[in-house]
Amino acid sequence: MPTTANLRSLLVARARRHGLIGVGLAVVQADEPPEFECIGVADPSTKRAIEPSTVFRIASISKTMTAIGIMQLRDEGRLDLDDPVNRHLETFTVDPPAGGPDVTIRHLLTHTSGIGEVPRIGDLGRREVWGDGRPRVEPADLASIYRGALHTDVAAGSKWAYANHAFAVLGQVVEDLTGEPFARHMHQHLFAPLGMEHTGYVRNDAIEATLATGSHWMFGRFGTVKDYDLSLLGPGSVLSSLSDMARYAEWLVRTGAPAPGVLAADTLQEMMSPQFSVHPGFPGMGLAFWLDHLGPHRTAGHDGNVPGFASALLTAPDDGVGVIVLTNTASFFGAHVLATELLSELLGVRESSSVGALDVPERPELWPGLVGNYAPARGFLTNLRTWQMLGGEVSVVVRRRRLVLRSLALLPMLRRGVALQAVDRDDPYRFVAEAEGLRVPVAFDVDSRGTASRVIIGPPSNTVFHRRPTWRTRRLRSRVYATGLGVLAARRLLRHR
């Protein structure tokens with residue numbers, strides 16, 4: 001295990017790089033007590049320090065817990081993963097497009113249900129649809145939000161699209177099958193058996209007493225995030241302390257011990273086994289867990305991001321090692337990169353790439369067939385996150401003798417473009433793109449002439465982009481509109497001279 005000095009130096013370096021106001025990390029190894037390291041403040045107004053008892057919003061790590069609730073019911077024989085979800089819902093239905101297959105529990109657990117970012121286009125401005133509420137907000141009434149039916153954006157199984165509402169539905173399945181409020185059931189069947197006393201889907205007095213204040217950087221200035229709670233419980237509402245999350249990670253790396261009654265070891269292994277991948281050579285999804293490798297070591301975990309908070313859970317289950325990183329500063333990359341670097345050091349892995357060695361020679365003679373513009377498959381609501389992350393489309397260009405992937409994203413780094421580096425001697429159409437320490441696998445599907453029809457971007461995007469003619473690209477349309485507006489403005493000025 002790294003020394004305390006090494007842990008702290010790594011933590012301080014990453015906190016500086018990503019501007020983290022407060023951050024705590026926990027290292028767990030089977031049969032050893034967890035080790036904690038914390039820096040910064042939980043509340044800038046009171047200067048309260050981050051401690052292992054500090055409670056954070058763990059955001060989408062919550063999905064792994066909701067999935068455990070579902071798997072407990074599966075092991076009890078109360079549902080099957082390939083059951084249509086409507087078989088277990090009492091107050092609303094999940095309806096596919098005409099002719100589409102039924103949405104199953106497995107579809108929901110692997111983000112292949114076809115459910116969009118919000119239920120309907122008209123819901124984009126509805127605060128309750130996003131689950132954003134005041135402190136101690138009541139859990140959302142999904143039947144009311146969905147107006148009796150949640151319509152999927154595309155057919156189940158046709159497309160991968162990260163869906164918070166899929167896990168909201170799973171929470172409702174737990175509630176309908178058990179007859180108990182979801183939050184109470186999960187406390188009794190997961191948190192209490194693991195001794196997670198300061199963890200819950202909803203806020204209580206004990207949680208509030210040590211809850212960190214969220215923060216963010218905007219326009220070069222630090223600011224605090226107004227206090228809130230999330231009313232969509234299943235996807236990301238859990239609040240938990242660093243010490244409680246260490247208990248959770250320790251249970252995961254011990255594959256069910258020391259609380260074997262929570263979930264069978266075989267079931268936990270099943271959850272951490274591949275269920276879906278956008279490309280055969282890419283890391284896949286388990287049942288709510290993101291899967292990958294660090295060198296030869298299998299990893300499973302989940303990240304989380306909500307306003308003012310970022311988190312990462314990363315385990316190497318075969319090695320009995322896990323790390324937790326929690327911060328009260330919004331940071332898309334920071335928590336994940338820190339967790340990956342820390343676990344790499346614990347495992348003695350120098351190269352953290354999941355896609356192969358980086359000494360593979362480039363093949364520039366193949367690049368002309370890859371250059372072009374690409375856009376995701378149809379589905380406005382399932383593409384909203386792609387628009388948010390990558391500006392809705394990507395282009396591949398050759399710049400300064402490098403193959404470059406760029407997008408219309410807000411991040412300047414992605415607008416400028418990220419170099420693609422070859423990583424597979426046997427497949428010259430597989431690459432890796434590195435951004436802020438995050439390595440993302442990229443692959444092309446090509447025809448017999450070497451012309452690419454699709455570019456596949458791996459986690460966290462997990463999006464398949466299809467070749468699009470230049471005249472249909474958003475970049476060109478934006479230039480045409482801008483030119484048109486410029487001409488109109490010039491004509492107007494000439495008229496008034």
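**Overall architecture and selected local features**

Of the 497 residues that make up the protein chain, 56% count as buried. The structure is a predicted model, and its secondary structure comprises 15 helices and 23 strands. The radius of gyration of the protein chain is 23 Å, close to the 23 Å given by the globule rule for 497 residues, so the chain is as compact as a globular protein of that length. Along the principal axes, the C-alpha atoms of the protein chain fill a box of roughly 70 × 55 × 55 Å. The protein chain exposes about 21700 Å², of which carbon and sulfur atoms supply 52%. When contacts between residues at least 6 apart in sequence are considered, 65% join residues at least 24 apart.

A barrel is formed by eight strands, which close in the order β16-β17-β18-β19-β20-β21-β22-β23 with antiparallel pairing. From one strand to the next, the twist averages 35°. In general, the strands of a sheet pair through backbone hydrogen bonds, in either a parallel or an antiparallel manner. Within the barrel order, strand β22 (residues 452–457) and strand β23 (residues 463–468) run antiparallel and are joined by four bridges. Ile457 stands opposite Thr463 in β23.

Helix α6 (residues 164–178) was examined with respect to both its length and its environment. At 1.5 Å a residue, its 15 residues should span 21 Å; the end C-alpha atoms of α6 are 22 Å apart, which agrees with that expectation. Burial is counted here as a relative accessible area under 20%. Because 12 of the 15 residues of α6 are buried, the helix is largely enclosed by the rest of the structure. The buried positions of α6 include an uninterrupted run in the sequence numbering, namely His165, Ala166, Phe167, Ala168, Val169, Leu170, Gly171, Gln172, Val173 and Val174. Asp176 and Thr178 are also buried. Just after α6, Gly179 takes a positive phi of about 75°.

A further buried site is provided by Ser62, which is found in helix α2 (residues 62–75). The relative accessible area of Ser62 is 0%, so this residue is classed as buried. With residues up to four places away in sequence not counted, Ser62 touches Tyr201 together with Gly234, Pro235, Gly236, Ser237 and Val238.

Terms used: Residues numbered from 1 in each chain as written. Predicted model: local features only at pLDDT ≥ 70, side-chain atom pairs only at ≥ 80, totals over all residues. Heavy atoms only, no water. Pairing = 2+ DSSP bridges. Helix = DSSP H or I, 4+ residues; strand = E, 2+ residues; numbered from the N terminus. Axes fitted to C-alpha atoms, helices over the stretch in contact; angles between N-to-C directions. Buried < 20%, exposed > 50% of the residue type's maximum accessible area, 1.4 Å probe, protein only. Contact = heavy atoms within 4.5 Å. Rg over C-alpha atoms; globule rule 2.2 N^0.38 Å. Areas by Shrake-Rupley, 256 points an atom, 1.4 Å probe, with all protein chains shown as cover. Expected span 1.5 Å × (residues − 1).
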